[in-house]
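Okay, thanks everyone, I'll keep this short. Have a look at the chain on the screen and then I'll walk you through it.

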Amino acid sequence: MSVRGVQVHLGRAENLRDVESLGRMDPVVFVSAGKNAKAKSQVHKDEGANLDFNETLVLDVQGENELLLEVYDDEHIKDDELIGRAKINLDAVLAGQTFNEVVQLHTKHIHRRAGQIHVKITPIF
Ligand SMILES: [Ca+2]
């Protein structure tokens with residue numbers, strides 16, 4: 001029984017690093033596995049640093065064993081700005097288990113904390 005893909009449930013995010021100079025951030029999550037598998041959440045306009053994404057994304061993992069999760073502040077005029085990211089090892093999920101953790105985000109500098117998000121990943125057979 002091989003795993004074809006994963007369901008990624010995005011839950012509550014807290015203490016997201018504030019990168020918005022004016023007003024409240026508009027958080028959006030991108031998940032990817034390798035070069036070809038990508039999915040994006042809805043944009044949570046003006047919801048700021050603490051919010052519940054409450055959304056499930058489906059990703060075809062194609063044998064990739066690492067998921068990259070990135071939280072951005074959606075922008076209209078300039079490019080979206082990175083709030084924080086995390087890499088999640090999928091070996092256990094590919095073996096049929098469920099990943100259910102609060103994931104710590106960091107900036108491009110691995111030691112700089114950028115908030116956290118509850119993520120649940122379940123395999124799709
Ligand atoms: Ca924004």
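So, what percentage of the 125 residues of the protein chain count as buried? It's 26%, where buried means 20 or more other C-beta atoms within 10 Å of the residue's own, with C-beta atoms placed from the backbone. Before I go on: this is a predicted model, where local features need pLDDT of at least 70, side-chain atom pairs count only at pLDDT 80 or more, and totals for chains, interfaces and linings use all residues. Residues are numbered from 1 along each chain as its sequence is written.

Okay, the layout. We've got one helix and eight strands, taken as DSSP runs numbered from the N terminus, at least four residues of H or I for helices and at least two of E for strands. The order from the N terminus is β-β-β-β-β-β-α-β-β.

β7 and β8 make a hairpin, with six residues between them. They pair antiparallel over seven bridges; pairing here takes at least two DSSP bridges. In that pair, N100 sits opposite K120 of β8.

Now the inside. The largest nonpolar core, meaning buried Ala, Val, Leu, Ile, Met, Phe, Trp, Tyr and Cys joined through C-beta atoms within 7 Å, has 27 residues, and V6, V8, L69, V71, I88, I117 and V119 touch the most other members. Strands supplying at least two residues each include β1 (5-14), β5 (66-73) and β8 (113-124).

Take I117: beyond its neighbours within four places in sequence, it contacts L10, G11, A13, V71, V103 and L105, a contact being C-beta atoms, placed from the backbone, within 7 Å.

Terms used
A residue is buried if 20 or more other C-beta atoms lie within 10 Å of its own, exposed if 12 or fewer, and partly exposed in between; C-beta atoms are placed from the backbone. Two residues are in contact if their C-beta atoms, placed from the backbone, lie within 7 Å.
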